[in-house]
Amino acid sequence: MADNQNNKPKKKIGFYWIYIVLIAFFIGSMVFSGTNSAKEITMTELTKMLKEQDIEKIDLVNGKTAEIYLNEQGMKKYFPNEAPHSYGKSPNYTLTTTESRLYTKVDEAQEGMSNPVEITPVERHNWVGEIVSWVLPLLLILGFWILIMRRMGGGSGMGGGQIFNIGKSKAQLYDQEKDNKTTFKDVAGLEEAKEEVMEIVDFLKNPNRYTRLGGKIPKGVLLVGPPGTGKTLLAKSVAGEANVPFFSISGSDFVEMFVGVGASRVRDLFSQAKAKSPCIIFIDEIDAIGRARGKNLMSGGNDERESTLNQLLTEMDGFGTNSGVIVLAATNRADILDKALMRAGRFDRQIYVELPDLNGRREIFEVHMRGLKLGKDVDKEFLAKQTPGFSGADIANVCNEAALIAARRNKESIEKQDFLDAIDRIVGGLEKKNSVITPSEKKVIAFHEAGHATTSWMLEHAHPLVKVTIVPRGKALGAAWYLPDERQITTKEQMYHEMIATLGGRAAEQVIFGQISTGALNDLEKVSKQAHAMVMYYGLDEQIGNVSYYDSTGQQEYSFQKPFSEKTAEKIDEEVRKLIEGAYQEALRILNEHKEGLTQLANKLIDKEVIFTDDLVNIFGERPWKHEERVFAKREEEKPEENNEQTYNPDNTTIA
């Protein structure tokens, strides 16, 4: 027990306590030095004492304060309990007045007296108070400045902790044995990207294997991909696998309010890296400092961000040598990065980290399910098929939400239905079973969603329907979910059929009620974007022809003019309108032909609130078209409808 107490770390006295003690000392000295026990009196009382000859002397201190000393007679009269010999040692009374007024009143009170009391001028200085009056503000300003510097420098940690270290790098040096336990085994669904970065790690471990043939390791590797696909996780695995120093920093850490700080931190970072080479520098969200130069018209030639970028370009591949330092960076906005940063010799390799495919999603599920207590009915292959378009972060969120849902239901393990409910919760939002909806609104919503289901069922290239509900979720009053085929390319007919199915909800309102509502806002937005893409980007319109106005570089957003003329813009608007109107008329035709089945489906939806694939099979029969990897979830009669194991795809949700 005694050993444990001796081993406890001793508390260190903070640096700010020194400031506090000094300030308290000066304030206390000033207060106590100015303390006087004498009573303050008025001019009338002083005049009375003078006339009765009770005053021994009067000292005028600094021309402002009169100190009155009583004689023996006055002491007996005003202080009868004091010792007779105590008078004259300290002032008995004080009076704050002006010099001229004091002389006038004293002369008037003693007029005609043979032995008047004289006023003695006294100059007295409170040195402690005067020193504190100008030293204390300086100390406060200095303390405030140091506080600001420590805040911006990141506290007392490495790089910029003190007032003169603001230009130091904030990069964290990771120790693979203590700080980072992530390895390549924890990264799933990124096999091609892992091969690229594993080669970097292998070069650092076995450099002779490559240098004997004259090869050189890439100076920079850029990870590019949508958010949540695992770019930072891949970098963490490199830090855990490489037996070399690993510096990690964010792009925003270079940006500071002081001019020249960003470039100074870049120099300091590479200086530390060269001292520990071979090593790896990881810059997350590099677009914070890597934007293309000259695009900000308001910044001028002394833009701090551009100075930081220039220094980074010089350090990565400038006049000096920089061997043994590999820069690993990540961004999801590679289109806005400066061309000089992207050239060979700086970022030699660009690794695209895309959304995972079916096999990748299954592997990601396996990684995130390691620490979960799973039920016997959980099938990773099935869950991977139900989550097309999900990123690695989305799948991690699904696993976590499933665990929370199972815990909320007091289950001993996480079952298959918990995962399906978690997908519903993440994509569609929280289910609002207690929302107040009038019967007429419920009927409109039911026919709207039934219209989506009917048109998609009757079209060959529309995505297979999985589930339709009129239970409100999030901001949606109803939703229809599909399980699309994971295509690599899409034809014009396939996109056109998807547009028809999307407009089926509004068309159903027109067919049944003879009027339309505002509930198709999401449908119209989706169709409009799809039609514009067909006409402007993919060259799928006969009138516009094989022309694409798509800008893959992202530089078009800085331009003040469109890449086409006003006449072409009018033609684009006309073709988009024709395309959407044609799809809407086709949806009306399909629903008029199957009006009876539409009504049956809507009535069943009003009655049960949730319908599935087998309901459409019972009404319309099986679809004659076969889709590869098509997965339909069948209803289990023993369970209530709200617990049926049904799924949907978030990228193809139609909201009423």
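Here is a short tour of some local features in this structure. The model is predicted, so please read each point below in that light. One helix pair, H18 and H21, packs at an angle of about 95°, and helix H7 has buried residues covered by several helices and strands. Beyond the helices, there is a cis peptide bond from Ser277 to Pro278, and the disulfide count is zero.

**Packing of H18 and H21**

- Two packed helices are described by the angle between their axes and the distance between those axes.
- For H18 (residues 439–458) and H21 (residues 566–593), the angle is about 95° and the axes lie 10 Å apart.
- H18 is therefore roughly perpendicular to H21, because angles of 65 to 115 degrees count as such.
- On the H18 side, the residues in contact are Gly451, Thr454, Thr455 and Met458, and they meet Ala587, Ile590 and Leu591 of H21.
- Sorted by class, this contact has four nonpolar residues, three polar ones and no charged ones.

**Helix H7 and its surroundings**

- H7 covers residues 191–205, and its 15 residues should span 21 Å at 1.5 Å a residue.
- The end C-alpha atoms of H7 are 20 Å apart, which agrees with that expected span.
- The buried residues of H7 are Ala193, Lys194, Val197, Ile200, Val201, Asp202, Phe203 and Leu204.
- Among the elements covering these buried residues are the helices H8 (208–211) and H9 (231–241).
- Strands take part in the cover too, including S7 (220–224), S9 (279–284), S10 (325–331) and S11 (349–352).

**Backbone features in loops**

- The peptide bond from Ser277 to Pro278 is cis, with omega near 0°, and Pro278 is found in the loop between helix H10 (261–275) and S9.
- Gln53 is a residue other than glycine with a positive phi, near 55°.
- Gln53 lies in the loop between helix H3 (43–51) and strand S2 (55–61), and is partly exposed, with a relative accessible area of 46%.
- Asn410, also a residue other than glycine, has a positive phi near 60°.
- The loop that holds Asn410 runs between helix H16 (392–408) and helix H17 (416–428), and Asn410 is exposed, at a relative accessible area of 69%.

**Cysteines**

- A disulfide is a covalent bond between the sulfur atoms of two cysteines.
- With a cut-off of 2.5 Å between cysteine sulfur atoms, the count comes to zero disulfides.
- Cys279 is buried, with a relative accessible area of 0%, and Cys399 is buried as well, at 2%.

Definitions and conventions: Residues are numbered from 1 along each chain as its sequence is written. This is a predicted model: local features need pLDDT of at least 70, side-chain atom pairs count only at pLDDT 80 or more; totals for chains, interfaces and linings use all residues. Side-chain values use heavy atoms; hydrogens and water are left out. Axes are lines fitted to C-alpha atoms, for helices over the stretch in contact, and angles run from 0 to 180 degrees between N-to-C directions. Helices (H or I, at least four residues) and strands (E, at least two) are DSSP runs, numbered from the N terminus. Angles under 35 degrees count as roughly parallel, over 145 as roughly antiparallel, 65 to 115 as roughly perpendicular and the rest as oblique. Contact means heavy atoms within 4.5 Å. Ala, Val, Leu, Ile, Met, Phe, Trp, Tyr, Cys and Pro count as nonpolar, Asp, Glu, Lys and Arg as charged, and the others, Gly among them, as polar. The expected span of a helix is 1.5 Å times one less than its number of residues. Buried means under 20% relative accessible area, exposed over 50%, partly exposed in between (1.4 Å probe, protein chains only).
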